Amino acid sequence: MRTIGLILAAVGVAVLAAVWVAGPARGGASTSAEISIHFSHYTPSEIVATAGVPLRVTIVNTDPIDHEWLVGDAAFHQRHRTGTEQQHGARPNEVSLAPGESKTTTVVFDRPGDYLYICHLPGHEAYGMAGVLKVLPAS
Ligand SMILES: [Cu+2]
């Protein structure tokens, strides 16, 4: 139990640090965020943006294996679950990361809603490699 407590404390510090780096703007929405990938999980697993406002995202892959950061709606993810595209990079909402690699992209969603970000490399989504980009209505 003591070990679990220490792990939870470490996760809490990481989440606080991530929130601080992201710099919440109005209504908890950000215009920039940093997402760390560690042990095939995204931290933070939730980021908030505003509809129509560009969000600059830096994804840091600290793992020694390839990962992806693909963000979009349900239909987008269904296509990628069955897709055969090995490398992404031509579209701002599709990022492939080599081991230890960091990349920055800028995405804009015009419609409010929840857009998942998922790694669709085999087994990664099932392992829990998913998060949500919440897009709030523009005020
Ligand atoms: Cu992955």
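Two rings of Phe, Tyr or Trp count as a pair if their centres lie within 6.5 Å. With that in hand, the aromatic residues of this predicted model are a handy place to start. Tyr42, Trp69 and Tyr117 come together as one aromatic cluster, and a search of the whole structure turns up three aromatic pairs. For Trp69 and Tyr117, the ring centres are 5.6 Å apart and the planes sit at 40°, so this pair is tilted. The pair ties together distant parts of the chain: Trp69 belongs to strand β5 (residues 67–72) and Tyr117 to strand β8 (residues 113–118), 48 residues apart. Trp69 is buried, with a relative accessible area of 0%, and Tyr117 is buried too, at 0% relative accessibility.

Phe109 and Tyr115 make another pair. Their ring centres are 4.1 Å apart and their planes meet at 25°; planes under 30 degrees apart count as stacked, so that is the label here. Phe109 has a relative accessible area of 15%, which makes it buried, and Tyr115 is buried as well, at 11%.

Phe109 also turns up in the wall of a hole inside the protein. The whole structure holds one cavity of 30 Å³ or more, and the space in the largest cavity comes to about 40 Å³. Its lining is made up of Ala49, Thr50, Val53, Leu55, Val107, Val108, Phe109, Leu133 and Val135. Two elements, β3 and β9, each give two or more residues to this lining. Sorted by character, the lining has eight nonpolar residues, one polar residue and no charged ones.

Those two strands are also partners. Strand β3 (residues 46–50) pairs with strand β9 (residues 130–136) in the parallel sense, over five bridges. Thr50, part of the cavity lining, has Leu136 as its bridge partner in β9. Strand β3 is mostly covered, with four of its five residues buried.

Finally, there is Asn93, which is found in the loop between α2 (74–81) and β6 (94–97). Is Asn93 buried or exposed? Its relative accessible area is 19%, and buried means under 20%, so Asn93 falls on the buried side of the cut-off. Leaving aside neighbours within four places in sequence, Asn93 is in contact with Trp69, Leu70, Val71, Phe76 and Val107. Two of these names have come up before: Trp69 is a member of the aromatic cluster, while Val107 helps to line the largest cavity.

Methods:
Residues numbered from 1 in each chain as written. Predicted model: local features only at pLDDT ≥ 70, side-chain atom pairs only at ≥ 80, totals over all residues. Heavy atoms only, no water. Buried < 20%, exposed > 50% of the residue type's maximum accessible area, 1.4 Å probe, protein only. Pairing = 2+ DSSP bridges. 1 Å grid on protein atoms, 1.4 Å probe; cavity = no way out; pocket = protein on both sides within 12 Å on 5 of 7 lines; lining within 4 Å. Points joined across faces, edges and corners; volume = space filled by probe spheres on them. Nonpolar A, V, L, I, M, F, W, Y, C, P; charged D, E, K, R; others polar. Contact = heavy atoms within 4.5 Å. Phe/Tyr/Trp six-rings, centres within 6.5 Å; stacked < 30°, edge-to-face > 60°.
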